[in-house]
Structures are given as C-alpha cells and as structure tokens.
Amino acid sequence: MHMSEVEHVLLSELLEWYRLQRHDFLNHWQVIMGNLQLNQPEKALAYMREMIAEPQEEQKIAQIPEPQLAASLLGFLIRLRREDITATIDFPEGMKQEDFWQDHWREEYGEALYGYTRECLELSAQFRQLGKLDAEVFLYDEPGGLSCQFILLDEENVLLDKMAKFIINPK
C-alpha cells in the first residue's frame with residue numbers, strides 16, 4: 001500500500017491534533033476536579049455540559065465513511081477552532097453511506113479538498129481582528145461528485161463565501 005503525499009500530511013496532522021486534544025482533555029478534567037474539590041458541583045456540571053457540546057461537529061464528521069474527506073474536514077474544523085472560529089458542518093444523510101462514496105469520490109479529490117481547506121483558512125486570517133467569527137461548512141451531493149461551501153460570518157455579515165466542486169468529468 002502506498003500513501004499519497006496528502007494522506008501522509010493528514011496522518012501527521014491527525015496525530016498532532018490527537019496530542020492537542022489529549023492535552024485539552026486532561027485540562028478539562030483538572031477544571032472539573034478543582035470545582036468538585038471547592039465543593040462547587042454546579043460549576044463542575046455546567047463546565048461538563050459546555051465541554052460536551054464542543055465535539056458534536058467532530059462526531060458528525062466521524063459518520064462520513066470516506067477517510068480522506070473525513071480527515072480533511074476534521075483537520076479543517078480543528079484548525080478553525082484553534083483560530084477561535086466556531087464552525088458547524090452540514091451534509092446530506094446519504095453521505096453517511098459507503099455506497100454513496102463509490103459514485104462520488106475519487107482519490108484525486110483528496111489533494112484538491114485539502115488545498116481548498118488551507119485556502120479557506122488563509123482567507124479567514126484577514127478577518128481575525130474582527131473578534132468573534134463563525135463558520136459554516138456545507139457538503140452538497142453533485143452528479144458525479146460533490147461540492148463544499150465555506151461561509152465565514154461575524155455577528156452581522158457574511159465575510160467570505162467560498163465554494164469548491166469536485167466532479168468527475170465536469171462540463
């Protein structure tokens with residue numbers, strides 16, 4: 001088995017994100033234990049509820065059976081979070097099925113999708129000074145492929161709307 005360059009990069013990034021998340025996880029436990037030791041169980045519970053909400057978008061991505069796509073999207077969401085951008089992802093139910101990807105995914109999409117996510121991150125950097133930013137990522141079913149849309153918003157405006165299509169034999 002031969003790994004492509006993008007698969008190699010994704011694997012390295014995923015291992016780094018695992019280390020970061022493990023570090024964050026241990027920090028969360030310390031906060032919870034501290035609240036319990038101070039006899040503040042309500043604060044501990046509130047903190048736990050807050051932490052449970054965070055990985056929901058990652059759990060959605062885990063339902064996508066195409067590994068390169070899932071790894072690219074997971075890395076994208078984690079990098080957005082590291083930039084203090086809250087992100088959500090949405091995609092059709094059919095994308096959770098193995099057979100969907102037999103008709104809609106080609107290996108060459110991996111590098112293009114990874115490049116697209118990096119470009120979206122670079123473009124987002126110019127808006128960091130605006131404060132709280134949110135991002136929405138949408139996957140769409142296209143005949144012979146898929147498309148991905150990235151929307152960056154502040155409290156009032158759409159700051160960036162970038163679409164990429166990954167299509168077999170585009171017309």
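1. A quick definition before we start: a residue is called buried when its relative accessible area is under 20%. The model here is a predicted one. By that cut-off Cys120 is buried, because its relative accessibility is 0%. Cys148 is buried as well, at 1% relative accessibility.

2. You may wonder how many disulfides the structure holds. A search through the whole structure turns up zero. For Cys120, the closest cysteine sulfur is that of Cys148, and the 7.0 Å between them is too far for a bond. Cys148, for its part, is in no disulfide.

3. Next, have a look at the interior. The largest nonpolar core counts 34 residues, and Leu69, Leu139, Leu146, Phe150 and Leu152 are those with the most contacts inside it. Helices α4 (67–82), α5 (98–104) and α6 (108–125) each supply at least two of the core residues, as do strands β1 (85–90), β2 (133–142), β3 (145–153) and β4 (158–167). The biggest contribution, six residues, comes from α4. In soluble globular proteins, nonpolar side chains tend to be buried together.

4. Leu146 is a good residue to click on. Leaving aside residues up to four places away in sequence, Leu146 touches a list of partners including Leu69, Met95, Trp101, Tyr109, Leu139 and Phe166. His104 and Lys165 are also among them.

5. Finally, two backbone angles. Most residues other than glycine have a negative phi. Asn39, in the loop between α1 (5–37) and α2 (41–53), has a positive phi of about 60 degrees. Asp84, in the loop between α4 and β1, also has a positive phi, near 60 degrees. Are these residues buried or exposed? Asn39 counts as exposed at 64% relative accessibility, and Asp84 counts as exposed at 64%.

Key. Residues numbered from 1 in each chain as written. Predicted model: local features only at pLDDT ≥ 70, side-chain atom pairs only at ≥ 80, totals over all residues. Heavy atoms only, no water. Disulfide = S-S within 2.5 Å. Buried < 20%, exposed > 50% of the residue type's maximum accessible area, 1.4 Å probe, protein only. Core = buried A, V, L, I, M, F, W, Y, C linked by side-chain atoms within 4.5 Å. Helix = DSSP H or I, 4+ residues; strand = E, 2+ residues; numbered from the N terminus. Contact = heavy atoms within 4.5 Å.
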